[in-house]
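Me: Please take a close look at one helix in this structure, together with what packs on it and what follows it in the chain. I would like one connected account, with the neighbouring loops brought in where they help.

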Amino acid sequence: MKDAFGLPRSLLILGGTSEIGLATARRLIARRARTVWLAGRPSPALDTAADRLRTLGADVRTVDFDALDPGSHEEVLGKVFAEGAIDMVLLAFGVLGDQAHDEAEPLAAVRVAQTNYTGAVSAGLVCAGAMQTQGHGSLVVLSSVAGERARRADFIYGSSKAGLDAFAQGLGDAMYGTGVQVMVVRPGFVRSGSVRSRTTAGWPETPLATTPEAVATAIELGLRRRSETVWVPGALRVVMAAVRHLPRPLFRRLPL
């Protein structure tokens, strides 16, 4: 069960090598989380991530999970919940894709959409249902400011995040009053310390950039407050409210 501050004792990260996911795990372990599941495709990186979290004192387990295989989600994730209650699920998987390449190769664009949206819908519904059955839990969904308004530079990725964001909001409404909290997290450009995260490597620097650690901090605060939506950094809420309502001719001219 969660502690007195609403923080989880047990955690499942979908996207077990996600930098934001692992930063969140480290922060929550420091706040007395004791059981962590890392779900992802088998890889040395997943094993290394688990080993590093174990050194912090948590019981860390890995589970084979493929966002592109929704037919397996109910069985795979059901086994995790069968091992014991999960206080929090962090839906942290996703791919950025390559806009220029994906426009020319529609199947590559479909893969981005299937990973970021279809896979998330499947896994999100399975986990929300399991938490509803156990009577409590938080589903934290990593969205993106890119989903707020489609940009020429990344509209394939942005549209997949827009779909995910709308799904998570609706799921939150469906779970209202059941004991299950759904929290949508909308980070801006994410860099890792002085370098870019894997997702944004090679992209030009942008204003209001953030880090995996900052997102993890915001997630913790959101859990304590039982927030429904979290912006990272918080100033993006105001910025994107303005951007969302710009006339399209003007929006096209902005260096976004």
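Reply: What follows starts with the reliability of the model, goes through helix α5 and its surroundings, and then turns to α7 and the loops.

This is a predicted model. The protein chain has an average pLDDT of 92, and 91% of the residues score at least 70. Over residues 193-200, however, the pLDDT is below 50, although this stretch has 17 contacts in the model beyond near neighbours in sequence.

Helix α5 covers residues 106-134, which makes 29 residues. At 1.5 Å a residue the helix should span 42 Å, and the C-alpha atoms at its ends are 41 Å apart, so the expected and modelled values agree. Even so, α5 has a kink of about 40°, centred on Gln114.

Ala108 belongs to α5. If neighbours within four places in sequence are left aside, Ala108 is in contact with His101 and Asp102. Val141 is 33 residues from Ala108 along the chain, and 23 Å separates their C-alpha atoms. Val141 falls within β5, the strand of residues 137-142.

Val95 sits in the loop between β4 (88-91) and α4 (99-104). Among the residues that Val95 touches, not counting those up to four places away in sequence, are Val112, Thr115 and Asn116. Tyr157 is also one of the residues touched by Val95. With a relative accessibility of 34%, Val95 counts as partly exposed. The C-alpha atoms of Val95 and Glu220 are separated by 24 Å, with the two positions 125 residues apart along the chain.

The helix packed against α5 is α3, residues 73-82. The two axes come within 10 Å and cross at roughly 35°. The crossing is right-handed. On the α3 side, the contacts are made by His73, Glu74, Leu77 and Phe81. On the α5 side, they are made by Gly119, Ser122, Ala123, Val126, Cys127, Ala130, Met131 and Gln134. A general point helps in reading these lists: an α-helix has 3.6 residues a turn, so residues three or four places apart point the same way. Among the α5 residues that meet α3 are Gly119, Ser122, Val126 and Ala130.

Just after α5 comes Gly135, with a positive phi of about 95°. Gly135 lies in the loop between α5 and β5 (137-142). Its relative accessibility of 38% is why Gly135 counts as partly exposed. Apart from residues up to four places away in sequence, Gly135 touches Thr178 and Gly179. Ala241, 106 residues from Gly135 in sequence, is 35 Å from it in space, C-alpha to C-alpha. Ala241 falls within α8, residues 236-244.

A positive phi also follows α7, in this case at Arg226, where the value is near 55°. Unlike Gly135, Arg226 is not a glycine. Arg226 is placed in the loop between α7 and β9. The helix before this loop, α7, has 14 residues and reaches 20 Å from its first C-alpha to its last, close to the 20 Å expected at 1.5 Å a residue. Its buried residues are Pro212, Val215, Ala216, Ala218, Ile219, Glu220, Gly222 and Leu223.

The loop that holds Arg226 also contains Ser227, between α7 (212-225) and β9 (229-232). Ser227 counts as buried because its relative accessibility is 17%, and the cut-off for buried is under 20%. One of its contacts, leaving aside neighbours within four places in sequence, is Gly222, itself listed among the buried residues of α7. The others are Gln181, Val182 and Met183.

On the other side of β9, Pro233 has its place in the loop that runs to α8 (236-244). The peptide bond joining Val232 and Pro233 is cis, with omega at about -5°.

Arg32 is another residue other than glycine with a positive phi, here near 90°. Its loop is the one between α1 (19-30) and β2 (35-40). At 48% relative accessibility, Arg32 counts as partly exposed.

How values were computed. Residues are numbered from 1 along each chain as its sequence is written. This is a predicted model: local features need pLDDT of at least 70, side-chain atom pairs count only at pLDDT 80 or more; totals for chains, interfaces and linings use all residues. Side-chain values use heavy atoms; hydrogens and water are left out. Helices (H or I, at least four residues) and strands (E, at least two) are DSSP runs, numbered from the N terminus. The expected span of a helix is 1.5 Å times one less than its number of residues. The bend at a residue is the angle between axes fitted to the seven residues ending there and the seven starting there. Buried means under 20% relative accessible area, exposed over 50%, partly exposed in between (1.4 Å probe, protein chains only). Contact means heavy atoms within 4.5 Å. pLDDT is the predictor's confidence in each residue, from 0 to 100. Axes are lines fitted to C-alpha atoms, for helices over the stretch in contact, and angles run from 0 to 180 degrees between N-to-C directions. A crossing is left-handed if the near helix is turned anticlockwise from the far one by less than a right angle, and right-handed if clockwise.
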